[in-house]
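User: I'd like to go through this one together, a few residues at a time. Can you take some questions?

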Amino acid sequence: ILAGDALQTLAFHILARDVSGNFPDSVKLSMVEQLAFASGSRGMCGGQAIDLDAIGQELDVVQLENMHIHKTGALIRASVKLGAVAADNPQQDKLKRLDHYAKCIGLAFQIHDDILDVEGETAILGKTQGKDAANDKPSYPALLGLDGAREKAELLRQDALDQLSVFGQNADPLRGLAEYIVSRKH
């Protein structure tokens with residue numbers, strides 16, 4: 001937990017400091033604001049609170065998606081958005097595509113994490129396999145079954161890749177990230 005806290009505050013420090021001098025103060029402030037929003041009660045922390053409150057509860061797909069979008073998904077979206085804002089004069093239609101891409105891969109990340117909790121190996125995962133079920137936490141495999149969860153993650157991956165069609169080869173690192181998210185072993 002402390003390592004995560006330290007890395008999060010380091011991100012704010014780097015944005016505020018901008019030793020490269022590439023960004024005017026107004027852009028730096030906007031970037032700090034976006035990261036704060038994604039990290040706070042309406043982002044990652046809020047999603048984690050929903051997750052903790054959901055233990056032992058039955059959530060439907062919409063509620064589960066809302067929880068997951070706010071957890072790691074909020075930080076993934078902020079990361080992609082900050083990269084886009086750092087580009088010179090980003091176009092609104094491209095920003096919308098990148099945000100949709102990030103929403104999809106953020107949700108796919110969480111779904112795949114749920115899948116790994118069911119079928120991953122404890123030694124590789126870095127956490128006890130089956131911990132979500134043992135703690136009675138809602139998950140996509142519990143709600144949709146493993147095959148349904150895999151299908152949902154794959155649909156999200158494809159939707160994310162479709163959003164990148166207008167970017168050409170410049171988006172290859174983002175394509176690689178989308179592929180990694182649904183194929184990772186931990």
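User: Before we start, is C104 buried or exposed?
Analyst: Quick ground rules: this is a predicted model, where local features need pLDDT of at least 70, side-chain atom pairs count only at pLDDT 80 or more, and totals for chains, interfaces and linings use all residues. Residues are numbered from 1 along each chain as its sequence is written, and side-chain values use heavy atoms, with hydrogens and water left out. Buried means under 20% relative accessible area, exposed over 50%, and partly exposed in between (1.4 Å probe, protein chains only). C104 has 3% relative accessibility, so it's buried.

User: And which class does C45 get?
Analyst: Its relative accessible area is 43%. That value makes C45 partly exposed.

User: How many disulfides does the structure hold?
Analyst: A disulfide here is a pair of cysteine sulfur atoms within 2.5 Å. By that cut-off, the count is 0.

User: Where does L164 sit, and is it buried or exposed?
Analyst: L164 is in the loop between α9 (140-163) and α10 (172-183), with helices taken as DSSP runs of H or I, at least four residues. Its relative accessibility is 0%, so L164 counts as buried.

User: Which residues does L164 touch, leaving out those up to four places away in sequence?
Analyst: Contact means heavy atoms within 4.5 Å. With those sequence neighbours left out, L164 touches L98, Y101, A171, L174 and R175.

User: How far apart are the C-alpha atoms of L164 and L15?
Analyst: Along the chain, these two are 149 residues apart. Their C-alpha separation is 26 Å.

Conventions
Helix = DSSP H or I, 4+ residues; strand = E, 2+ residues; numbered from the N terminus.
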